[in-house]
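Thanks for coming. I will put the structure up and then walk through it piece by piece.

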Amino acid sequence: MYYVDPSEVVKLTEVFGGEEATQVVKLLLEAPGLSDEELAERLGVDVKQVRKTLHKLLELSLVTYTVTYEKENGKRTFRWRLQLEQLVSTVRGQAIKIIERLKMLRDFYGSSVVYWCGKSSCRKLEFSAAVDHFFKCPSCGDPLQPFDPSEMLKSIDEKISELSKLLR
Ligand SMILES: [Zn+2]
């Protein structure tokens, strides 16, 4: 067993699970044992949507549930809890993968010159591809310029150090 800092769990879930999963995890941290209906009510979203998120978390073994029956009407209620240890190790694994991908991206942009027309909707091209297209963007036809990656590298480094902090 190791100590799990709840704020760390929430931060790490944000990294890999997105908004919806994060909201559910936050609520279950505060109030373990909520039912899907109660979660939906507190989040102000459709219960079907909450169940989808819960099943995603369930597939990753991040949550577990117990079922209770009401004798009067036979209604089944699922009550949800976080599997904290599992959650931390899974999100850590995800964070490590993201860091590896960012490092590859950084290495690539740090060592190769790429060409770009400057439009966010258009691709960046490696030198040989830029030559093939006569330094004209294959999507929009604008001239291709060498892309200065320094801003991008800066934000990649920031992201890496942010994620690394979470892994300490
Ligand atoms: Zn273009």
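What you see is a predicted model. I will start just past a helix: Ser-61 follows H3 and has a positive phi, near 60 degrees.

Now H3 itself. This helix covers residues 47-59, which is 13 residues, and at 1.5 Å a residue the expected span is 18 Å. Its end C-alpha atoms are 18 Å apart, so the two agree.

Which residues of H3 are buried? They are Val-50, Thr-53, Leu-54 and Leu-57. Viewed down the axis of H3, the buried residues fall within an arc of 100 degrees, so they line one face of the helix. Some background on that: an α-helix has 3.6 residues a turn, so residues three or four places apart point the same way. On the face turned away from the buried side, H3 carries the exposed residues Lys-48, Lys-52, His-55 and Glu-59.

Next, what packs against that buried face. Val-24 is in contact with Val-50, Thr-53, Leu-54 and Leu-57, and also with Leu-39, leaving aside neighbours within four places in sequence.

Val-24 also belongs to the largest nonpolar core, which has 15 residues. Val-24, Leu-28, Leu-54, Val-63 and Leu-82 are the ones with the most contacts inside this core. Helix H1 (6-30), H3, strand E3 (76-82) and H4 each supply at least two of its residues. H1 gives the largest share, 4 residues. There is a second, separate core of 6 residues, and Tyr-115, Cys-117, Leu-125 and Cys-137 are among them.

Tyr-115 brings us to the sheet. In E6, its bridge partner is Pro-146. Strand E4, residues 114-116, is joined to E6 by 2 bridges, and the two run antiparallel. The open sheet has 3 strands in the order E5-E4-E6, with antiparallel pairing. Strands E5 (125-126) and E6 (145-146) stand at the edges with a single partner strand each, so one side of each has no neighbour in the sheet.

On the overall layout, the chain is divided into domain 1, residues 6-89, and domain 2, residues 112-167. Their C-alpha centres lie 39 Å apart.

Last, one residue in helix H4, which covers residues 84-111: Ile-99. Is Ile-99 buried or partly exposed? It has 18 C-beta neighbours inside 10 Å, and being buried takes 20 or more, so Ile-99 counts as partly exposed. Leaving aside neighbours within four places in sequence, Ile-99 is in contact with Ile-160, Leu-163 and Ser-164. Between the C-alpha atoms of Ile-99 and Met-152, which are 53 residues apart along the chain, the separation is 15 Å.

Note on methods. Residues are numbered from 1 along each chain as its sequence is written. This is a predicted model: local features need pLDDT of at least 70, side-chain atom pairs count only at pLDDT 80 or more; totals for chains, interfaces and linings use all residues. The expected span of a helix is 1.5 Å times one less than its number of residues. A residue is buried if 20 or more other C-beta atoms lie within 10 Å of its own, exposed if 12 or fewer, and partly exposed in between; C-beta atoms are placed from the backbone. The arc is that of the directions from the helix axis to the C-beta atoms. Two strands pair if DSSP finds at least two bridges between them. Domain bounds come from an automatic or database domain assignment. Two residues are in contact if their C-beta atoms, placed from the backbone, lie within 7 Å. A nonpolar core is a set of buried Ala, Val, Leu, Ile, Met, Phe, Trp, Tyr and Cys residues joined through C-beta atoms within 7 Å.
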